[in-house]
Amino acid sequence: MKKIIKNGCIVTATDTYVADIAIENGVITQIAENVTDLQSEIIDAKGLYVFPGGIDPHTHLDMPFGGTTTKDDFETGTMAAAFGGTTSIIDFCLTTKGSSLKSAVDAWHAKADEKAVIDYGFHLQIVEVTDQVLEELPEMITEEGITSLKVFMAYKNQFQADDETLFKTLIAAKELGALVMVHAENGDVIDYLVKKALAEGNTEPIYHALTRPPEAEGEATGRAATLTQLANSQLYVVHVSCAEAVKQLEEARKKGVDIWGETCPQYLVLDQTYLEKPNFEGAKYVWSPPLREAWNQEVLWNALKNGQLQTLGSDQCSFDFKGQKDLGKGDFSKIPNGGPIIEDRMSILFSEGVKKGKISINQFVEITSTRAAKLFGLYPKKGTIAIGADADIVLFNPEVERIISAESHHMAVDYNPFEGMEIEGEPITVLSKGEYVIKNKVFVGKAGNGQYLKRAKYGEVIPAKSESLTIK
């Protein structure tokens, strides 16, 4: 059914204004001061912000890790994302040495098919660059529309690739039009520090942070930037957590390196002391990179405000405290890395960023949606409110006060890392391609309604549907 959103305050990365939005066949067909159509459903957005649907560029749903599998799959994970105002995610497709890229992608399609309630795409992990991989990459990029490649510089003997693999991936990406992503930590140094800590009897969760120092993240970020410059390629550094990494990004950009940085809400509001919680509670906050000393938060906020960091991912990777995180009792290195973040990503940035004057409301949209759409080949189909764009829209109440809690969240896990945090702002209604997923804070979507996103190459755009559309 055709819909008209009336009386809302529309916010994009560049503009803020009051207008009506007409939606038909899943796209925005008209934006005007007063849109009328007796055959359309009227959605009254008075007093609400109207945002483009959030794009979470960093999720791990139904992912095996550390002898277990993330608790949230593509159904529960995307449902929680929708409650949080996110209408598109890009998940990481993991690969193994000696196996075809296609087999890995097919496995991830099977995980998501008939489960996702919002649209989704994939990044593709590269663990080796063989003749077979080089032969498959063009098809993955052109036919599958997977235009971003992930290389881990950490997790030795598990995910970690060597510098040669990273460099060859950067060269191939430049030729094929893909964006290379790195988890930037020095895995070799961390492996040594972890073994040393355990040998000395240091087994508690806090040692996860102490064996992954910020210098190891800064060094790896700088090394990846240098290799990107040598390859004349493009790089996206995921989950930046500390001042050392921000400094490397800034210096590389000054040299003309095509480099981008993402941070996550957990690094903006939580700090290393959470890993010191007694009774093994610190395990709830074990993810990589680890939480840092609190003073890094101001550095990250300033980097978002000044454009040194451009996006906010959730790094959603959820494990139950009881039955999964406790696999690491007596050995912090066996605690499954990751946390449940996907639902609170946008609200935390709004409450702590916009409400407290750290970023503007237009920057909020840029950081949570528009920039990710541009970097990952989804713009202007997604990431903005414009004629011809998909009608992925969030009606957001900026004034409501609420407390984050595992009792009220929609993720499948038994805890929330932001438990008890008081925030302002909440998504009320969420549309995906013009159809309700969340209506008045109630889930009305359906598993399988989410569509796979074939994305444009790096630097290219996906044309929006613009036939017979009007703006007044």
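Residues 466-472 are where the prediction is shakiest on paper: pLDDT (the predictor's confidence in each residue, from 0 to 100) stays under 50 there. For this stretch the model has 13 contacts beyond four places in sequence, a contact being heavy atoms within 4.5 Å. Across the protein, pLDDT averages 96, and 98% of the residues score at least 70. As this is a predicted model, local features need pLDDT of at least 70 and side-chain atom pairs count only at pLDDT 80 or more, while totals for chains, interfaces and linings use all residues. Residues are numbered from 1 along each chain as its sequence is written, and side-chain values use heavy atoms, with hydrogens and water left out.

Next come the hollows. These were mapped on a 1 Å grid over the protein atoms alone: a cavity is a set of points where a 1.4 Å probe fits but cannot get out, a pocket is an open set with protein on both sides within 12 Å along at least five of seven lines, and lining residues have an atom within 4 Å of a point. Grid points are joined across faces, edges and corners, and a volume is the space filled by probe spheres set on the points.

The largest pocket holds about 460 Å³. Its lining comprises 21 residues, with Tyr155, Gln158, Val194, Arg212 and Ser333 nearest the centre. Helix α5 (residues 187-199) gives the most to this lining, 5 residues; helices (H or I, at least four residues) and strands (E, at least two) are DSSP runs, numbered from the N terminus. By class, the lining has 8 nonpolar, 8 polar and 5 charged residues, where Ala, Val, Leu, Ile, Met, Phe, Trp, Tyr, Cys and Pro count as nonpolar, Asp, Glu, Lys and Arg as charged, and the others, Gly among them, as polar.

The second largest pocket comes in at about 240 Å³. Of its 16 lining residues, Glu343, Arg402, Ser408, His410 and Glu426 lie nearest the centre. Strands β16 (393-403) and β17 (422-432) each supply at least two lining residues, and the lining splits into 5 nonpolar, 6 polar and 5 charged.

As for closed spaces, there are 3 cavities of 30 Å³ or more. The largest cavity contains about 160 Å³ and is lined by 18 residues, with His60, Tyr155, Ser288, Asp315 and Cys317 nearest its centre. Tyr155 thus turns up in the central group of the largest pocket and in that of the largest cavity. The cavity lining counts 7 nonpolar, 9 polar and 2 charged residues.
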